[in-house]
Amino acid sequence: MAQVMVCNYIKISNSRLQNHTRILADKLCHHSLRVRYLHHHLKNSVRKCSSTTKKQEKVISGIPYNKLSIGVPKETWKNEKRVAVTPTVAELFVKKGFSVNVEKGAGSEAKFRDSDYEAAGSKLVDAQTAFSADIILKVRPPLENEVEYFRENSTLLSLLYPAQNKALVDKLALRKINAFGMDCIPRISRAQVFDVLSSMANVSGYRAVVEASNHLPRFFAGQITAAGKVPPAKVLVIGGGVAGLAAVAQAKNMGAIVRAFDTRSAVQEQVESLGAEFLTINIQISLM
């Protein structure tokens with residue numbers, strides 16, 4: 001009997017020992033996983049801190065915006081009423097940190113008052129001060145006698161037409177001016193925001209129809225009066241480029257019957273999408 005009790009006691013003790021061993025092994029495994037997690041977490045934290053430190057240590061090359069000045073001279077070409085910078089754009093430059101110098105009366109022909117520029121944070125200056133800025137913004141090319149006002153190594157952004165103004169380009173080169181001819185920027189998708197030719201062509205097409213309607217001795221749209229019915233005017237637009245499409249849209253909006261022609265058949269879809277009729281000419285060439 002005593003032997004049986006001893007055997008049962010040993011079995012119970014072995015069972016308890018196995019349970020304790022299992023519990024201890026589970027705890028050790030849990031602690032091991034936790035240590036691995038903490039190690040991984042600390043490793044990532046050190047890596048992020050190192051990356052952040054490298055970014056902070058990286059020195060940005062170039063001149064800060066708050067050290068640069070922008071000059072906006074008044075356009076002096078005959079009948080030129082545009083201005084390179086509006087008060088709204090001047091305010092954006094000021095917020096970026098630029099110092100904006102606008103010549104007095106620069107925006108008067110475009111119906112922008114000097115007080116509008118001052119309210120935007122710009123400074124009103126004379127012509128020479130505007131031309132002596134780090135960056136000069138103009139619509140038309142500068143006159144040859146204005147080049148002497150430029151600071152050496154300054155930057156000019158304007159229409160330039162270098163093929164027509166070789167003497168001007170040579171003078172700018174002697175002055176070491178970094179000149180960007182806005183008319184020379186390629187008309188590609190990446191450079192659409194710089195495409196001044198398309199934006200001006202759009203205005204030209206619109207204005208052409210408005211001027212034509214002023215010379216036409218009757219309404220563009222059809223009229224029904226007590227005396228009878230007046231048919232709408234018929235408008236023909238030759239060319240389906242940016243200006244041509246703008247003219248088609250404006251003439252159609254004014255109620256005219258619009259037809260357009262272009263040598264490129266690909267323009268047909270664009271013309272018809274504006275509600276106009278696309279004209280085609282079938283020409284047969286005989287080689288005999």
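Here are three short exercises, with worked solutions, on a predicted model.

**Exercise 1.** Which residues of strand β1 point one way, and which point the other way?

*Solution.* Start by finding β1, which covers residues 69–72. Next, recall a general pattern: in a regular strand, side chains alternate between the two faces of the sheet. Now look at the residues themselves: S69 and G71 point one way, while I70 and V72 point the other way. Finally, check their surroundings: all of these residues are buried.

**Exercise 2.** Which strands are joined to β1 by bridges, and how do they run?

*Solution.* Take strand β2 (residues 99–103) to begin with: four bridges join β1 to β2, and the two run parallel. To line them up, place S69 opposite S99 in β2. Then turn to strand β4 (residues 135–137), which is joined to β1 by two bridges and also runs parallel to β1. Here G71 stands opposite I136 in β4. As a last step, follow the chain from β1 through helix α2 (residues 87–96) to β2: together they make a right-handed β-α-β unit.

**Exercise 3.** Is K138 buried or exposed, and what does its side chain join in a polar contact?

*Solution.* First locate K138, in the loop between β4 and β5 (155–158). Its relative accessibility is 5%, and buried means under 20%, so K138 counts as buried. Next, consider its side chain: a polar contact of 3.2 Å joins it to the side chain of E75. To complete the picture, leave out residues up to four places away in sequence; K138 then touches several residues, including P73, K74, E75, A84 and F131.

Terms used:
Residues numbered from 1 in each chain as written. Predicted model: local features only at pLDDT ≥ 70, side-chain atom pairs only at ≥ 80, totals over all residues. Heavy atoms only, no water. Buried < 20%, exposed > 50% of the residue type's maximum accessible area, 1.4 Å probe, protein only. Pairing = 2+ DSSP bridges. Right-handed = clockwise from strand over helix to strand, strands pointing away. Polar contact = N/O pair within 3.5 Å; in protein donor to acceptor, adjacent residues only side chain to side chain. Contact = heavy atoms within 4.5 Å.
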